[in-house]
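Here is a friendly walk through one protein model, from single residues to pockets and surface. Keep the viewer open as you read.

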Amino acid sequence: MELIWEGLKKAFHMLITGDPEVFKITLLTLQVSGTATLISLAIGVPLGTLLALTQFPGRRFLMSVVNTSMGMPPVVVGLWVTIFLWRSGPLGWLKMLYTPYAIVVAQALIASPIIIGLTAAAIQQIDPKLRLQIKALGTTRIQYLWFLVKEARFSLLAAVIAGFGAVVSEVGASMMVGGNVKGQTRVLTTATVMEVSKGNFDVAIALSVILILLAYLVTLWLTLLQQKQRGV
């Protein structure tokens, strides 16, 4: 209990004093995970809508792949991103490995299946009669899709919350493609693992508390936005 108490006091001290190293790590965590979530949203909503509204051979197989990928272990994603970005790999010429961009790519790959799967489920749950009514209004295809996305917006915000939660808490992929380089690619999860390996449990507890606080504040903002639109 003393160790936990010391960790909580350390976290409070870091927050109050504005520790520059912790502030930099927290800011990078927010930037990387936020960017990855936005990219996965841009990829996931169109693809999820396409899967929900179209019929083609292999659609069910593709849906099963997406649903399986929603639980893809981050270390697997990290391994394949590392292989592709390795200097002798297919995308090695980009020289992105061990940079924040590589972490963004890995986290976007982790979050995209979640956004695609939840978007497809949300669009499919819309009442077919409502779809017919929207079409009967003489809408263009773009307007039709826009109405469907608006109708499913609460579920889509839930998908964003799930996607952000998945990437901000993962450590395997960030460690593999980012390398936990101080001042460059160190985020809260990788910093926590490093402090545990060094036996600095009080600092590790402090970083974990800050990570939970960051995840909670972002999720709280998204939840309030979601509930505000519902008029609750």
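## Starting from a proline

Let's begin with Pro113, which is buried because its relative accessible area is 12%, under the 20% that marks the limit for buried residues. Please keep in mind that this is a predicted model. Pro113 sits in helix H5. From there you can look across to Leu156: the two are 43 residues apart along the chain, and their C-alpha atoms are separated by 13 Å.

## The overall picture

Stepping back, the protein has eleven helices and zero strands. Reading from the N terminus, the order of elements is α-α-α-α-α-α-α-α-α-α-α.

There are 232 residues in the protein, and 41% of them count as buried. Taken along the principal axes, the C-alpha atoms fill a box of roughly 65 × 50 × 25 Å.

## Two neighbours in helix H2

Helix H2 covers residues 20-53, and two of its residues are worth a visit. Gly48 belongs to helix H2, and so does Leu47. How do they compare in exposure? Gly48 is buried, with a relative accessible area of 0%, whereas Leu47 counts as partly exposed at 38% relative accessibility. The reason for the two labels lies in the cut-offs: buried means under 20%, exposed means over 50%, and partly exposed is in between.

Each of these residues can also be paired with a partner further along the chain. Leu47 and Gly117 are 70 residues apart in sequence, and 9.1 Å lies between their C-alpha atoms. For Gly48 and Ile142, the separation is 94 residues in sequence and 15 Å in space, again from C-alpha to C-alpha.

## The largest pocket

Rolling a probe the size of a water molecule over the atoms shows where empty space is left. The largest pocket in this model has a volume of about 400 Å³. It is lined by 19 residues, and those closest to its centre are Leu38, Leu41, Leu157, Val160 and Leu222. Two or more lining residues come from each of helix H2 (20-53), helix H7 (141-151), helix H8 (153-168) and helix H11 (201-230).

Which element gives the most to this lining? That is H2, with six residues. By class, the lining of the largest pocket divides into 14 nonpolar, three polar and two charged residues.

## The second largest pocket

The second largest pocket holds about 280 Å³ of space. Its lining has 15 residues, with Val77, Trp80, Val81, Val105 and Leu109 lying nearest the centre. H4 and helix H5 (100-124) are the elements that give two or more residues to this lining.

H4 gives the most to the lining of the second largest pocket, with six residues. What classes of residue line it? There are 13 nonpolar and two polar residues, and no charged ones.

## A nonpolar patch on the surface

Turn next to the outside of the model. A nonpolar surface patch of about 910 Å² is formed by Met72, Val75, Val76, Leu79, Trp80, Ile83, Phe84, Leu91, Trp93 and Leu94. Trp80 is one of the patch residues and is also among those nearest the centre of the second largest pocket.

Leu79, another member of the patch, is found in helix H4, which spans residues 74-85. Is Leu79 buried, exposed or partly exposed? With a relative accessible area of 40%, Leu79 is partly exposed, because that value falls between the 20% and 50% limits.

## Two positive phi angles

Two loop residues deserve a look at their backbone. Lys95 has phi near 55°, a positive value in a residue other than glycine, and its place is in the loop between H4 and H5. Asn180 also has a positive phi of about 55° although it is not a glycine. Asn180 lies in the loop between helix H9 (172-178) and helix H10 (188-197).

Which of these two is buried, and which is exposed? Lys95 is exposed, with a relative accessible area of 70%, while Asn180 is buried, with a relative accessible area of 10%. The labels differ because exposed needs a value over 50% and buried a value under 20%.

Conventions
Residues numbered from 1 in each chain as written. Predicted model: local features only at pLDDT ≥ 70, side-chain atom pairs only at ≥ 80, totals over all residues. Heavy atoms only, no water. Patch = residues over 30% accessible without salt bridge, like charges linked within 9 Å, V, L, I, M, F, W, Y side chains within 5 Å. Areas by Shrake-Rupley, 256 points an atom, 1.4 Å probe, with all protein chains shown as cover. Salt bridge = Lys/Arg side-chain N within 4 Å of Asp/Glu carboxyl O. Helix = DSSP H or I, 4+ residues; strand = E, 2+ residues; numbered from the N terminus. Buried < 20%, exposed > 50% of the residue type's maximum accessible area, 1.4 Å probe, protein only. 1 Å grid on protein atoms, 1.4 Å probe; cavity = no way out; pocket = protein on both sides within 12 Å on 5 of 7 lines; lining within 4 Å. Points joined across faces, edges and corners; volume = space filled by probe spheres on them. Nonpolar A, V, L, I, M, F, W, Y, C, P; charged D, E, K, R; others polar.
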